Amino acid sequence: MSSLLLIDLQQDFVSPTRIPAKPFIDSLPPLLRQFTTRRRPIVWIDSVYEQGKGTCEEDVSSNDPPQSDFELYLSGTHRSGRFCVHDTPGIQIHKDLLPFLHAHHIRITKNPLLRNLTKTALHDTLQQTKHFFLAGVTTNTCIAATAVDARKLGYEKPYDVDWCTSNNVSSYLGDDKQLQQLPVLYWVKGSIPSWRVMITLAWMKIPYLSKRLRTPTFVDSDGTIVIESMAILQYLERFSPGTRENRPSDLSKSEWTQETVRFHESEKPNSIYEPTELLYDAEWEKHRENILQAYHDVFKEFEHWERYLTNGGFLSARHAFGLADCAFYPVLAYMVHRGLALTSKLSGLENHYERCGALQTVLEASPDHWETPGKSLFLRCEKMLKE
């Protein structure tokens with residue numbers, strides 16, 4: 001089970017003079033929806049300090065001195081006691097974010113560090129979770145302090161840092177040995193290449209920090225940088241120590257060859273489909289012939305994949321979910337999202353779509369709103385053919 005921890009979304013931290021509320025208002029609904037639809041715990045953690053006193057980091061520093069420059073930095077944040085002081089309006093959840101706080105959510109009003117919450121409902125929640133996500137105001141203070149303390153308390157579960165801002169995270173993360181051990185994925189919302197990598201990381205159970213960028217890029221904990229989704233998948237397969245669920249360890253030469261060929265072939269249907277996206281162009285009529293040709297070629301290409309899927313729901317060796325499925329499923333799922341109908345003529349693809357889509361690995365990596373169909377480009381193509 002996965003849990004979502006929302007940290008310090010309070011008026012003293014979210015304000016026009018510090019961090020504007022708009023990015024959170026835009027990002028919070030889809031993030032909450034992913035956890036709500038899957039009935040996963042959502043926990044709001046508020047900070048409350050006494051007037052003139054520093055943070056909870058300062059309160060425990062004598063018993064638990066900082067172990068690195070990064071922890072020393074964390075212990076000095078909010079020392080003046082100017083933020084979220086008890087009985088002041090600043091401790092309240094920001095008024096524009098309150099509509100997203102629902103009765104079934106868990107709310108902990110104390111401080112953002114897990115060490116002081118081990119006797120609360122939060123600790124009970126985390127004890128039952130395999131994967132928890134941290135989201136909040138600033139990566140290099142609120143998020144990082146919680147992550148560091150989670151490690152100290154023995155929570156060795158993966159966690160992703162997403163949907164948050166950072167004042168200067170790059171200057172601090174490198175100093176903390178605990179966070180430095182996690183690789184970073186820079187990803188693009190709703191993109192097939194990014195989704196491929198996220199499914200693979202979930203399948204291999206590799207914990208990572210996540211950041212949004214314009215192209216998928218994987219930065220390993222040793223500083224190795226890998227770009228291009230297919231290269232990232234191969235890199236993870238070759239060098240990652242992560243576990244591969246149901247992955248055969250004794251592939252024969254022919255099995256390895258078959259899976260590798262299908263892995264690389266998964267780029268072809270994506271390339272064939274791409275001109276269909278020109279329907280989003282204001283002057284799409286100029287591309288009418290190319291769009292309809294792509295529509296025709298997609299179905300021709302899928303006849304080929306139907307033959308691959310005749311004997312089972314997966315593309316990888318021994319009909320078990322593997323790297324070829326990580327590469328191909330996002331391509332198929334994206335087209336379904338754009339209106340592709342998996343009819344009886346595409347029964348193999350339909351089986352693949354349903355079996356992969358039911359896997360916890362895929363569910364955890366799914367983009368926002370994926371359960372809701374998008375704009376049907378395939379339907380528009382069908383209408384164009386009838387005109």
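**Group meeting: helix H13 and its surroundings**

The chain exposes about 18500 Å², and carbon and sulfur atoms supply 52% of that area. Please keep in mind throughout that what we are looking at is a predicted model. Within the chain there are 16 helices and 8 strands, and of its 387 residues, 52% are buried. If we take the contacts in the chain with a separation of 6 or more, 79% of them are between residues 24 or more positions apart.

I would like to spend most of my time on helix H13, which covers residues 323–337, and on two helices that pack against it, H8 and H10.

Let me begin with H8, residues 192–203, whose axis lies 9 Å from that of H13, the two packing at an angle of about 135 degrees. Because angles over 145 degrees would be needed for roughly antiparallel, this pair is classed as oblique. The crossing of H8 past H13 is right-handed. On the H8 side, the contact is made by Ile-192, Trp-195, Arg-196, Ile-199, Thr-200 and Trp-203, while H13 contributes Leu-323, Cys-326, Ala-327, Tyr-329, Pro-330, Val-331, Ala-333 and Tyr-334. Sorted by class, that contact of H8 with H13 holds 12 nonpolar residues, 1 polar and 1 charged.

Now to H10, residues 253–265, where the axes of H10 and H13 come within 8 Å and cross at roughly 20 degrees. Since angles under 35 degrees count as roughly parallel, H10 is described as roughly parallel to H13. Here the crossing is left-handed. The residues that make this contact are Glu-259, Arg-262 and Phe-263 from H10, together with Leu-323, Ala-324 and Ala-327 from H13. By class they divide into 4 nonpolar and 2 charged, with no polar residue. You may notice that Leu-323 and Ala-327 of H13 appear in the contact with H8 and also in the contact with H10.

Next, some loop residues, starting with those around these helices. Which backbone feature does Lys-205 have although it is not a glycine? Lys-205 has a positive phi, of about 55 degrees, and that deserves a comment because most residues other than glycine have a negative phi. Lys-205 sits in the loop between H8 and strand S6, residues 209–212, and with a relative accessible area of 47% it is partly exposed. His-319, again not a glycine, likewise has a positive phi, in this case about 60 degrees. His-319 belongs to the loop between helix H12, residues 288–308, and H13, and its relative accessible area of 42% makes it partly exposed.

Beyond H13, in the loop that leads to helix H14, residues 347–357, we find Lys-345. Is Lys-345 buried or exposed? Lys-345 counts as exposed, because its relative accessibility is 73% and the cut-off for that class is over 50%. From C-alpha to C-alpha, Lys-345 is 9.9 Å from Phe-299, although the two are 46 residues apart in sequence.

Finally, I turn to Arg-288, which is placed in helix H12. At 21% relative accessibility Arg-288 is classed as partly exposed, given that buried means under 20%. Setting aside neighbours within four places in sequence, Arg-288 is in contact with Met-384 and Glu-387. The C-alpha atoms of Arg-288 and Pro-275 are 9.6 Å apart, with their positions 13 residues apart in sequence as a separation.

Note on methods. Residues are numbered from 1 along each chain as its sequence is written. This is a predicted model: local features need pLDDT of at least 70, side-chain atom pairs count only at pLDDT 80 or more; totals for chains, interfaces and linings use all residues. Side-chain values use heavy atoms; hydrogens and water are left out. Axes are lines fitted to C-alpha atoms, for helices over the stretch in contact, and angles run from 0 to 180 degrees between N-to-C directions. Helices (H or I, at least four residues) and strands (E, at least two) are DSSP runs, numbered from the N terminus. Angles under 35 degrees count as roughly parallel, over 145 as roughly antiparallel, 65 to 115 as roughly perpendicular and the rest as oblique. A crossing is left-handed if the near helix is turned anticlockwise from the far one by less than a right angle, and right-handed if clockwise. Contact means heavy atoms within 4.5 Å. Ala, Val, Leu, Ile, Met, Phe, Trp, Tyr, Cys and Pro count as nonpolar, Asp, Glu, Lys and Arg as charged, and the others, Gly among them, as polar. Buried means under 20% relative accessible area, exposed over 50%, partly exposed in between (1.4 Å probe, protein chains only). Accessible areas come from the Shrake-Rupley method with a 1.4 Å probe; for residues, only the protein chains shown count as cover.
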